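Please look through the structure shown below, with attention to the annotated positions and to the strands and helix around them. The report that follows takes these regions one at a time.

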Amino acid sequence: MQCALYDAGRCRSCQWLEWPVPQQLSAKLLDLRQLLADRPVSEWRPPAEGPEQGFRNKAKMVVSGSVEKPLLGILNRDGTAEDLTGCPLYPARFAPVFDVLKPFIARAGLTPYNVARRRGELKYLLLTESRLDGGMMLRFVLRSRTKVDPLRAALPWLRAQLPQLKVITANIQPVHMAIMEGEEEIFFTEQQALAERFNGVPLWIRPQSFFQTNPAVASQLYAAARDWVRALPVRHMWDLFCGVGGFGLHCATPDMRLTGIEIAPEAIACARQSAAELGLHNLHFQALDSTQFATGQQAAPDLVLVNPPRRGIGRALCDYLSRMAPPYIIYSSCNAQSMAKDIACLPDYRLERVQLFDMFPHTAHYEVLTLLVRDVRP
């Protein structure tokens, strides 16, 4: 992938950009094999990959500069800003949206937030696209409610220019620290979620709910989990840290009982909507802490699927799984280091299958899916 921003030394987010993709994959696979070197793996599936560029469905832009000449991109450690609207990781469809948003910022009087001076209102622009129909969600992250009414008044012009904007919100983030969003979300549109579909499974994208940023590889990840689960004698499963329900919705069958747990209510609302569309009545999604839910149960199901944040599932949940001994565990991880530490705390399980998913090309990061099977000892 060619990137003018990288060549000019203006952005180094893609640390491995100079390496050919096959070399990147080899390095990632070597890293994963080294992390799991202490445990034999019965089957290594070939890595799954997607496009080299234009694959992201989401842009997270720091807004800097002036109200007349805003910059959308990143802030360097020294406080200087880089405009990343030409980043080749974004699909070409994002460029005309950025082109319209820059003059709109001035039209709405949204002064970019100045970190050093702690002045201004507009901190971030968050743009998400559905690959299903091209609809987009745009979120303005503001320091306060001061500019909510002027923003609302200016939106008819923006919507006339960009009819693909189906969901528009203001998120209020008053804290000076580099936190992407706050708790308060103000909707300017009647529609509050984007419809998406992976492998024939309806999914929904709402503000403040996690959704994978690489649809081409994410759909392969969900399909792999579906195939692995359906090849097992599973009648009851948990989907912990379930997000919008991508894994559970793919794996579920009409005669399977599934419980999905996720701490974010917005994500659970998405999962429930998808389950209703599929007509699956044995799926129960709840907005709870996954570890607290699991460790409060007196028994475990046939299979526990976990998809935790980067910190992993932790010792408490590992200890619970060791005691309750579900026959199967599927572990999806965006941080193989924490996954390897968790697996080391599950000594009674063998690693039946491992597959790497290149969710983050041109970086050292990757996703991994692992099937663990309980050893039955005489």
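## The annotated cysteines

In this predicted model, Cys-87 is placed in the loop that runs between strand E4 (81–83) and helix H3 (94–107). Cys-87 is buried, with a relative accessible area of 16%, which falls under the 20% limit used for that word. The UniProt record, an unreviewed entry, places the feature "binding site" at Cys-3, Cys-11, Cys-14 and Cys-87. Although these four positions span 85 residues in sequence, no two of their C-alpha atoms are more than 10.5 Å apart, so they gather at one spot.

Cys-3, another of the positions in that record, belongs to the segment before helix H1 (4–7). Its relative accessible area is 9%, and Cys-3 is therefore buried. When neighbours within four places in sequence are left aside, Cys-3 is in contact with Leu-17 and Pro-88.

## The annotated active site

The UniProt annotation "active site", again from an unreviewed entry, covers Cys-334. In the model, Cys-334 lies in the loop between strand E15 (328–333) and helix H10 (336–344). Which residues are in contact with Cys-334, once its neighbours within four places in sequence are left aside? They are Pro-308, Pro-309, Arg-310, Tyr-366 and Glu-367.

Helix H10, which follows that loop, has Ala-336, Ser-338, Met-339, Ala-340, Asp-342 and Ile-343 among its buried residues. The buried residues of H10 pack against two helices, H2 (21–35) and H9 (314–324), and against the strands E15, E16 and E17.

## Strand E17 and its partners

Strand E17 (residues 367–374) has eight of its eight residues buried, so the strand is largely enclosed by the rest of the structure. This cover is found on both faces of E17, with Glu-367, Leu-369, Leu-371 and Val-373 buried on one side, and Val-368, Thr-370, Leu-372 and Arg-374 buried on the other.

E17 pairs with E15 in the antiparallel sense over six bridges, and in E15 (328–333) the residue Ser-333 stands opposite Val-368 of E17. E17 is also joined to strand E16 (residues 349–357) by eight bridges, and these two strands likewise run antiparallel. Across the pairing of E16 with E17, Arg-350 stands opposite Val-373.

## Buried residues around Glu-367

Glu-367, which is one of the contacts of Cys-334 and one of the buried residues of E17, is also touched by Gln-212. Gln-212 lies in the loop between strand E10 (201–205) and helix H5 (215–230), and it is buried, with a relative accessible area of 4%. Not counting residues up to four places away in sequence, Gln-212 touches Asn-57, Ala-218, Leu-221, Tyr-222, Met-359 and Glu-367.

Ala-48, found in strand E1 (residues 41–48), is 319 residues away from Glu-367 along the chain, yet the C-alpha atoms of the two residues are separated by 9.7 Å. Ala-48 is buried, with a relative accessible area of 6%. Leaving out residues up to four places away in sequence, Ala-48 touches Gln-220, Gln-355, Leu-356, Phe-357 and Asp-358; among these, Gln-355, Leu-356 and Phe-357 fall within strand E16 (residues 349–357).

## Strand E11

Strand E11 (residues 236–240) is mostly covered, with five of its five residues buried. His-236, Trp-238 and Leu-240 point one way from E11, whereas Met-237 and Asp-239 point the other way, and all of them are buried. E11 pairs with strand E12 (residues 257–262) in the parallel sense over five bridges, and within this pairing Trp-238 stands opposite Thr-259 of E12.

## A nonpolar patch on the surface

Where the preceding sections dealt mainly with buried positions, this one turns to the surface. Val-175, Met-177 and Ile-179 make a nonpolar surface patch of about 260 Å². Val-175 is found in the loop between strand E7 (165–172) and strand E8 (184–187). Is Val-175 buried or partly exposed? With a relative accessible area of 36%, Val-175 is partly exposed, because that word applies to values between the 20% limit for buried and the 50% limit for exposed residues.

Terms used: Residues numbered from 1 in each chain as written. Predicted model: local features only at pLDDT ≥ 70, side-chain atom pairs only at ≥ 80, totals over all residues. Heavy atoms only, no water. UniProt positions renumbered as here; feature names shortened; annotations may be inferred. Helix = DSSP H or I, 4+ residues; strand = E, 2+ residues; numbered from the N terminus. Contact = heavy atoms within 4.5 Å. Patch = residues over 30% accessible without salt bridge, like charges linked within 9 Å, V, L, I, M, F, W, Y side chains within 5 Å. Areas by Shrake-Rupley, 256 points an atom, 1.4 Å probe, with all protein chains shown as cover. Salt bridge = Lys/Arg side-chain N within 4 Å of Asp/Glu carboxyl O. Buried < 20%, exposed > 50% of the residue type's maximum accessible area, 1.4 Å probe, protein only. Pairing = 2+ DSSP bridges.
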